[in-house]
Amino acid sequence: MSEALIEIRDLCKIYNPGEVEVRALDHVSLTINRGELVAIIGQSGSGKSTLMNQLGCLDVPTSGDYFLSGQNVAKLSDNELSDIRNREIGFIFQGFNLIPNLTAVENVEVPLIYRGIGKRERRQLAVASLEKVGLGHRLDHKPSQMSGGQQQRVAIARAIAAAPPLILADEPTGNLDSASSKEILQILKQMHASGRTVILITHDNEIAAQAKRIIHIRDGKIDSDTINEGGK
Ligand SMILES: Nc1ncnc2c1ncn2[C@@H]1O[C@H](COP(=O)(O)OP(=O)(O)O)[C@@H](O)[C@H]1O
Ligand SMILES: [Mg+2]
């Protein structure tokens with residue numbers, strides 16, 4: 001059985017085709033196996049967010065193929081893509097993206113609702129997930145009653161609650177102080193150690209250095225793809 005979780009073949013994303021074209025992804029091919037912790041690093045404008053949107057099934061490519069768990073998702077409809085997102089991917093964003101008027105545990109339950117999980121099991125999964133990120137004592141706090149680091153931990157709990165095979169984190173420490181950043185990176189490494197596939201998108205060398213595999217992207221192309229002996 002192939003261990004590949006992600007296989008991208010010759011992927012191109014062109015914005016404004018036929019007008020002032022921007023080739024944001026230019027023939028990218030990439031394989032990521034189950035259980036890897038990979039950092040994708042590049043300067044502003046290099047195509048990181050475009051790649052994240054593709055990996056996260058938030059957008060379709062102009063050309064090329066994307067196999068996620070063996071299924072070609074490059075040509076699916078919006079509804080099919082949202083099913084795949086619910087099933088396969090946990091998202092962590094720079095801005096946490098929590099719902100302000102919901103408590104921590106309610107925020108974590110949101111993707112479980114979309115997955116059709118019943119009320120009681122939802123609560124159990126959400127509580128267990130918040131305990132994993134050290135927030136078992138903050139279940140009923142709203143985002144505004146928590147620090148940035150705590151909010152990002154809620155977002156991580158939300159991402160992992162339904163145990164999706166893939167965790168996609170886009171600049172997850174971009175809005176955090178250095179102590180909270182360390183905490184969040186530590187949790188992401190724990191996720192990886194417990195067998196999840198984690199993709200960390202960043203412009204920060206120090207953060208990328210935490211990963212065992214570092215992929216540099218420049219002008220929409222993979223510039224280098226190396227094993228980092230210092231990472232874990
Ligand atoms: N919706 C869009 N329409 C047109 N051009 C875009 C759009 N999104 C991104 N771009 C362009 O694509 C290139 C890659 O952008 P992006 O993926 O956001 O890079 P990064 O996340 O690394 O900063 C940039 O030149 C950017 O200006
Ligand atoms: Mg970006």
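The following exercises, each with a worked solution, concern a predicted model.

**Exercise 1. The annotated stretch**

Find which residues the UniProt annotation "domain: ABC transporter" covers, and describe the chain over that stretch.

Solution. We begin with the record: the unreviewed UniProt entry places the annotation "domain: ABC transporter" on residues 6-230. We then turn to the model, in which the chain over residues 6-230 is 34% helix and 28% strand, while the end C-alpha atoms of this stretch are 24 Å apart.

**Exercise 2. The sheet of four strands**

Work out the order of the strands in the open sheet of four strands, and explain why one side of S2 and of S5 is left without a neighbour.

Solution. Reading across the sheet, we meet the strands in the order S2-S1-S4-S5, and the pairing is antiparallel. Strand S2 (22-33) and strand S5 (71-72) stand at the edges, where each has a single partner strand, and therefore one side of each has no neighbour in the sheet. We next look at one pair in detail: strand S1 (residues 4-15) runs antiparallel to S2 and is joined to S2 by eight bridges. As an example from this pair, Leu11 has Val28 in S2 as its bridge partner.

**Exercise 3. The surroundings of ligand 1**

List the residues around ligand 1, and determine which element gives the most to this shell.

Solution. The residues around the ligand are Tyr15, Asn16, Val22, Ala24, Gly42, Ser44, Gly45, Ser46, Gly47, Lys48, Ser49 and Thr50. Sorting the shell around ligand 1 by residue class gives three nonpolar, eight polar and one charged. If we then assign the residues to elements, both S2 and helix H1 (48-55) supply at least two residues of the shell, and H1 gives the most, with three residues. Looking at H1 itself, we find that the helix is mostly covered, since six of its eight residues are buried; these are Lys48, Thr50, Leu51, Met52, Gln54 and Leu55.

**Exercise 4. The sheet of six strands**

Describe the open sheet of six strands, and identify which strands the helix H6 touches when it packs on the sheet.

Solution. The order in this open sheet is S6-S7-S8-S3-S9-S10, with mixed pairing. Strand S6 (89-93) and strand S10 (221-227) stand at the edges with a single partner strand each, so that one side of each is left without a neighbour in the sheet. From one strand to the next, the twist averages 15 degrees. A parallel pair is found in strand S7 (residues 166-170) and strand S8 (residues 197-202), which are joined by five bridges, and here Ile167 stands opposite Val198 in S8. Helix H6 (residues 178-193) packs on the sheet and touches strand S3 (37-41), S7 and S8, and the direction of H6 makes about 150 degrees with that of S8. An antiparallel pair is found in strand S9 (residues 213-218) and S10, which are joined by six bridges, with Arg218 opposite Lys221 in S10. S9 and S10 form a hairpin with two residues between them, and Asp219 in the turn has a positive phi of about 50 degrees.

**Exercise 5. The buried side of helix H3**

Name the buried residues of helix H3, and state which helices they pack against.

Solution. In helix H3 (residues 104-114), the buried residues are Ala104, Val105, Asn107, Val108, Glu109, Pro111 and Leu112. The buried residues of H3 pack against helix H2 (78-88), helix H4 (119-132) and helix H5 (148-160). Just after H3, Gly116 takes a positive phi of about 80 degrees.

**Exercise 6. Buried or exposed?**

Decide whether Cys57, Ser69 and Ser63 are buried, partly exposed or exposed, using a count of C-beta atoms within 10 Å.

Solution. The rule is that a residue with 20 or more other C-beta atoms within 10 Å is buried, one with 12 or fewer is exposed, and one in between is partly exposed.

- Cys57 lies in the loop between H1 and S4; because 24 other C-beta atoms lie within 10 Å, Cys57 is buried. Its phi is near 55 degrees, a positive value in a residue other than glycine.
- Ser69 lies in the loop between S4 and S5; because Ser69 has 16 C-beta neighbours inside 10 Å, this residue counts as partly exposed. Phi of Ser69 is near 50 degrees, also a positive value in a residue other than glycine.
- Ser63 lies in strand S4 (residues 63-68); because 12 other C-beta atoms lie within 10 Å, Ser63 is exposed. The C-alpha atoms of Ser63 and Asp26 are separated by 9.8 Å, although these residues are 37 residues apart along the chain.

Definitions and conventions
Residues numbered from 1 in each chain as written. Chains lettered and ligands numbered in written order. Predicted model: local features only at pLDDT ≥ 70, side-chain atom pairs only at ≥ 80, totals over all residues. UniProt positions renumbered as here; feature names shortened; annotations may be inferred. Pairing = 2+ DSSP bridges. Near = placed C-beta within 6 Å. Nonpolar A, V, L, I, M, F, W, Y, C, P; charged D, E, K, R; others polar. Axes fitted to C-alpha atoms, helices over the stretch in contact; angles between N-to-C directions. Contact = placed C-beta atoms within 7 Å.
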